[in-house]
Amino acid sequence: MKPFHMQKGASLTLSALLIGTLVLPTYGCAEAGVDQTITQQQETDHAKTKDAIDKAAASENIPGVIFAVKKGMDFWSYASGEANIESKKPMEADYSFRIGSITKSFVGVVALQLAGEKKLSLDDSVEKWLPGVVQGNGYDGNKITIRQLLNHTSGVADYLDGELKESLLSNSTQTLTVEQLISRALKHKPTTGGYSNTNTVLMKLIIQKVTGETYTEQIQKRIIDPLQLKDTRLPGGSTSLPEKSPNGYFNNAGTLMDMTDLNPSFADAAGGMISTAKDLTTFFSALLGGKLLTPEMQKEMMTTATTPHGKFGLGIQEVTLPNGSTIWGHQGGIPGFTNFAGGTKDGEHVIAMSINVLEGAVPHMENIQMTEFSGQAKQPSTPDQAAQKHGEEVKHFIDEKAKIEDIPGIVAAGLRDGEYWSYAAGVANLEDKSPIETHFTFRIGSVTKAFVATLVLQLAQEKKLNLDDSVEKWLPGVVKGNGYDGNKITIRQLLNQTSGIASYTSTDMRYATSFPQYTVDDLVRMGLAKPPVFQPGAGWDYSNTNTVLAGLVIQKVTGETYDVQMKKRILDPLQMTDTSFSGSNPKIPGQHATGYNMNQAGKLYDFTEYNPSWANAAGEMISTGKDLTTFFSALLGGKLLNDEMMKQMTTGVESPFGKYGLGLYEVTLPNGKTYWGHGGGIHGFETLAGGTLGGKDILVTNINAVGPEPVIANNAIFEKEFSH
């Protein structure tokens, strides 16, 4: 039996409320549509999708899955797993569920219909329809259009911030008004563009202003009634689901919490609707098939803008799956449920699915999507053609990412089946627009931690230390007081971030414009001045103090500083001639791009040169794409550590990054493939480096700016590279 850990009333952190990306499901009862009988032919046609659904539903912490597909005139639905993990009530295919951000597609259709009827223009300003509503704190509704609300390029901040998420978790039945939601959003400064639930709430108010009716009434008249969506409704502030519904859960670090009773007023027009898989296939079949919009408005809907969350049209997303298939639709995440609905551009092949848990469901959903749409992408005829096509696709993908605002340039390098490649796109300097080059050096930030961990493991391999030695053994008296006891903290816990030692870094450092000189003792003292985050081994928390202490352990064991040992043991043997240590030197050696930091207002500024002594063993190194490729190929290929130490390095603990081992973490992609690596963000540069075990497939990406967009872009490029 698959394991479930059930808990009620605990505190948790929501990171996926009302988001818009993609997903898949499990166990076993097929169910026909209301007016359709499943034939033997359908069972044969849908066997692979059924298997993918069953596999998802059998996965840990995935209660159940609902799935429906409409292909031409053929309709098939299926459910697997459990609707209630306590009673073991089986999931049913005709159950209703909260659809989250799929609601945005319904709102988008109403807006586009009104534009088609000339009752508004997509290029009308928000100020025209909502005078005075979006003003102040850097906002000007005169400069924001309806089009920008629908494709998430308005720059209006999301009202669903961390504070509101925590509030919802402690009181999930509270009622929030539209005015409260908008007011919360406008307290934040404008963003540089990105997914925002506030956009759709504002669109709802515009619909009301234009028509004199609520958006609920307009959706009912224009979509629900004409399409006979009998099980689709807008619940307002009602906390209840229809009788024929599953329980909805939230996955809080492996513990499922029942979130069925939820007041969706916080979601409002951005995510409050309830529907069924059958109704959603009917809706998207009509929408993508051109039955709800004029040809002109259909074209507008599918004209996309590239955002940090992907390509957004007007109320709809364009999604390219790892297998090359392109589908159109929308994801919907809301406490209790993760959903997707959409299909091919012509509406001939549409799906809808729901998994009754938020957090951890997206990879399963994407696997089901790829299975269902596996025939859509044309496959190359030979492995060589496939590799060449993949390489061109990755380059094009990097080109597109380099066009995103706040991403000046991108350097990428790596190995594909042992063959080295490199590519660069964008600019090295935002002012003179000089091109970025593949051979440029850059600060690698916390990728340094992978090097330090390798040194420690080499010393363990040579029996010069033991990973379970206490910190006190090697650094007597250093980790003492203020709740700390170095006798209870091991070297292993320093490397896998489970020591509980607080990080010396802070938000003030993140937004600094200059740095003083720090010694190693200064950094350790700053970390230990903060109380422990938890008792040793009782949790996971990313702390730069851990790696600085590991550097001191290396020095105590060997009699040489960690950088001297690194040069002897790794850099010189691997001939990594362009890799160096910053120390206190503000300059970056060799040819390099300008590095841009992001201030609290979300603006980039030149911060290439500064005293980097604060980074030390936690992040001071400088390298190139080629050198990092060499290192990770050697490391993951078993050339730097023996089998036992590689096993130790790749034995991970749960973390927000994935399985965090000793100086490396494992990322599992939506297609099930994994890679081991480490990210490194430091003022001016964002790096991600790693690859597959064996060392034949490696990727290094570096962007000469920091901020949310570079992090998202690096992760997306890795997913693109390793999802083939």
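So, the lining of the second largest cavity: five of its residues are nonpolar, three are polar and one is charged. Bear in mind that this is a predicted model. The volume of this second largest cavity comes out at about 50 Å³.

Who's in the lining? You've got K449, V452 and A453, then L494, L495 and Q497, and after those T547, Y660 and G663. If you want to find that on the structure in front of you, look for two helices, because the elements giving two or more residues to this lining are α15, at 448–461, and α17, at 491–495. The top contributor is α15, with three residues.

Okay, let's move over to the largest cavity. What volume does the largest cavity have? About 60 Å³. Its lining is made up of K104, V107 and G108, plus L149, L150 and H152, and then T200, F312, G315 and H330. Again there are elements that give two or more residues, and here they're α3, running 103–116, and α5, running 146–150. Which of the elements gives the most to this lining? That's α3, with three residues.

As for chemistry, the lining of the largest cavity splits into four nonpolar residues, five polar ones and one charged. Put that beside the second largest cavity, where the split is five nonpolar, three polar and one charged.

And how many cavities are there in the whole structure, counting those of 30 Å³ or more? The search turns up four. I've stuck to two of them today, the largest, at about 60 Å³, and the second largest, at about 50 Å³.

How values were computed:
Residues numbered from 1 in each chain as written. Predicted model: local features only at pLDDT ≥ 70, side-chain atom pairs only at ≥ 80, totals over all residues. Heavy atoms only, no water. 1 Å grid on protein atoms, 1.4 Å probe; cavity = no way out; pocket = protein on both sides within 12 Å on 5 of 7 lines; lining within 4 Å. Points joined across faces, edges and corners; volume = space filled by probe spheres on them. Helix = DSSP H or I, 4+ residues; strand = E, 2+ residues; numbered from the N terminus. Nonpolar A, V, L, I, M, F, W, Y, C, P; charged D, E, K, R; others polar.
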